[in-house]
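Trainee: Could you take me through one part of this model slowly, choosing the charged pairs that hold distant stretches of the chain together? I would like to follow each step.

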Amino acid sequence: MNDQQQQYKQQDQRQQTAVENAVAAEQVGSLATDGHFSETQASALAADLDALAHKTRAEVGSADSHYLLRMLQIQRLAAISGRLLMVAGFWSAWWWGLGVLLLALAKILDNMEIGHNVLHGQYDFMNHPYLNSRNFEWDIACDAKSWQRTHNFEHHTYTNVIGKDRDFGYGLLRLSDDFRWRLQNSWQIVTYFMLSTLFQWGVSYHEMAAERVFFGRKKAGRVAQVTDAELKKAFFGKGGRQLLKDYLLFPLLAGPMFLPVLFGNFLANLLRNWWTSTIIFCGHFTAEVHIFKPEVCDNESRGHWYYRQMLGSSNFSGPRWFHILSGHLSCQIEHHLFPDLPAYRYLQLAPQVAAIANKHGIPYHSNSFARQYLSVLQRILRYSVPGKQRQVATTL
């Protein structure tokens with residue numbers, strides 16, 4: 001874990017977290033069957049993964065910079081071409097359709113391969129004026145700083161720890177029996193499809209909902225990093241700018257093509273939302289991923305943290321272009337182990353991480369994209385009905 005994660009973890013350990021009805025995660029793999037991973041095993045795992053990270057980090061340099069700048073050029077070209085072709089739809093509907101697809105491609109690249117990875121600090125070594133984790137802002141309704149607080153710190157520090165990782169189910173979906181079943185869980189497959197459709201807005205509202213800014217009482221002992229006023233300002237400010245840009249400014253610039261461009265922007269956002277939602281769910285909520293009680297974080301060693309990241313993530317396969325469009329989150333295991341390494345290196349790291357996992361007898365969750373997505377849907381459906389409570393692992 002980096003210093004920021006350690007600081008955030010120490011702060012959170014002082015807070016009281018209420019966790020109800022804790023039950024077991026799915027247990028797979030030889031070491032996971034008894035929920036125990038000794039300190040000796042954890043130390044050996046940490047040594048292997050630290051050595052791999054050190055070796056890779058020493059190689060990071062100009063090749064990584066050139067790759068990111070090339071992706072930025074492609075993203076900008078796709079965005080400009082897409083918007084121009086939608087206007088050219090005045091002469092041909094085919095051009096309009098191609099423009100929509102190019103704009104969707106630009107938004108996907110901006111969010112996944114560029115934005116997500118830059119905001120993780122993977123390219124801070126470049127000292128670029130805006131392609132860095134402090135200044136970058138992406139083409140999405142969610143304010144970058146809000147996302148970093150809930151994702152970079154909470155999710156990556158407390159991956160799948162119930163009551164601490166607010167990304168697990170996003171507060172809408174019941175994905176394990178250690179959440180009490182409620183009537184609205186009966187139709188959570190519909191909720192999932194709605195979340196995917198409005199994904200950028202769900203991500204934007206996520207921190208505000210978790211902090212109960214508008215509705216409900218705040219959780220006892222919770223210490224917010226920013227005030228409610230700051231959250232509201234960021235939410236309405238960033239969201240408002242996105243709405244004005246996509247649904248007023250660019251349609252107005254298109255003149256007589258106002259309505260087709262407006263509708264095209266809507267479709268491009270919809271395609272981006274569905275793509276990013278599907279990629280993220282396939283890396284986090286497949287049948288194999290494990291969940292944990294908050295107690296696992298007490299005095300957690302680096303090796304145990306590595307171990308938990310491996311159990312709590314899934315990979316999926318695909319062609320090279322597919323990995324690029326996923327922001328290389330197709331290698332979710334590697335991303336959770338090394339979130340600050342340039343993501344395009346994850347493909348070369350994956351076989352080495354798999355070998356380390358095999359050496360230490362740790363399950364390495366990887367399958368085809370289609371199988372992982374089917375697994376996600378099955379998990380959503382499975383926990384939409386009440387289930388028998390089981391005891392969740394409290395140790396690693």
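**Salt bridges around helices α2, α3 and α13**

Mentor: A search of the whole structure, which is a predicted model, finds 15 salt bridges. Let us begin with Asp 48 and Lys 359, which form one of these salt bridges, their closest N and O atoms being 2.9 Å apart. Asp 48 belongs to helix α2, residues 39–59, while Lys 359 belongs to helix α13, residues 346–359, so this pair ties together parts that are 311 residues apart in sequence. Lys 359 has a relative accessible area of 59% and therefore counts as exposed, since the cut-off for that word is over 50%. The backbone tells of another long separation along the chain: the C-alpha atoms of Lys 359 and Leu 45 are 314 residues apart in sequence, yet 9.1 Å separates them in the model.

From here we can move to Glu 59, which forms a salt bridge with Arg 345, with 3.5 Å between the closest N and O atoms. Because Glu 59 lies in helix α2 and Arg 345 lies in the loop between α12 (332–337) and α13, this pair ties together parts that are 286 residues apart in sequence. The two partners can be described by their accessibility as well: Glu 59, at 37%, counts as partly exposed, whereas Arg 345, at 6%, counts as buried.

Arg 345 also forms a salt bridge with Asp 64, and here the closest N and O atoms are 2.7 Å apart. Asp 64 sits in helix α3, residues 62–88, and Arg 345 in the loop between α12 and α13, so the pair ties together parts that are 281 residues apart in sequence. Asp 64 has a relative accessibility of 0% and so counts as buried, the cut-off being under 20%. Elsewhere among the salt bridges, those that share partners join Arg 83, Lys 107, Asp 139, Lys 245 and Asp 246 into one network.

For a contact described by its helices, consider α6, residues 188–197, and α9, residues 258–284, whose axes come within 7 Å and cross at roughly 125°. That angle makes α6 oblique to α9. On the α6 side the contact is made by Tyr 192, Phe 193, Leu 195, Ser 196 and Thr 197, and on the α9 side by Leu 270, Asn 273, Trp 274, Ser 277, Thr 278 and Phe 281. Sorted by character, the residues of this contact comprise six nonpolar, five polar and no charged.

To place these details in the whole, the protein chain has 14 helices and two strands, and of its 396 residues 55% count as buried. Among contacts in the chain between residues at least 6 apart in sequence, 74% join residues at least 24 apart.

Finally, a word on confidence, which should accompany any reading of a predicted model. The protein chain averages a pLDDT of 86, and 84% of the residues score at least 70. Over residues 7–34, however, the pLDDT is below 50, although this stretch has 72 contacts in the model beyond near neighbours in sequence. Residues 389–395 also have a pLDDT below 50, and that stretch has 30 contacts beyond near neighbours in sequence. Where pLDDT is low, the predicted coordinates should not be read in detail.

Note on methods:
Residues are numbered from 1 along each chain as its sequence is written. This is a predicted model: local features need pLDDT of at least 70, side-chain atom pairs count only at pLDDT 80 or more; totals for chains, interfaces and linings use all residues. Side-chain values use heavy atoms; hydrogens and water are left out. Axes are lines fitted to C-alpha atoms, for helices over the stretch in contact, and angles run from 0 to 180 degrees between N-to-C directions. Helices (H or I, at least four residues) and strands (E, at least two) are DSSP runs, numbered from the N terminus. Angles under 35 degrees count as roughly parallel, over 145 as roughly antiparallel, 65 to 115 as roughly perpendicular and the rest as oblique. Contact means heavy atoms within 4.5 Å. Ala, Val, Leu, Ile, Met, Phe, Trp, Tyr, Cys and Pro count as nonpolar, Asp, Glu, Lys and Arg as charged, and the others, Gly among them, as polar. A salt bridge is a side-chain nitrogen of Lys or Arg within 4 Å of a carboxyl oxygen of Asp or Glu. Buried means under 20% relative accessible area, exposed over 50%, partly exposed in between (1.4 Å probe, protein chains only). pLDDT is the predictor's confidence in each residue, from 0 to 100.
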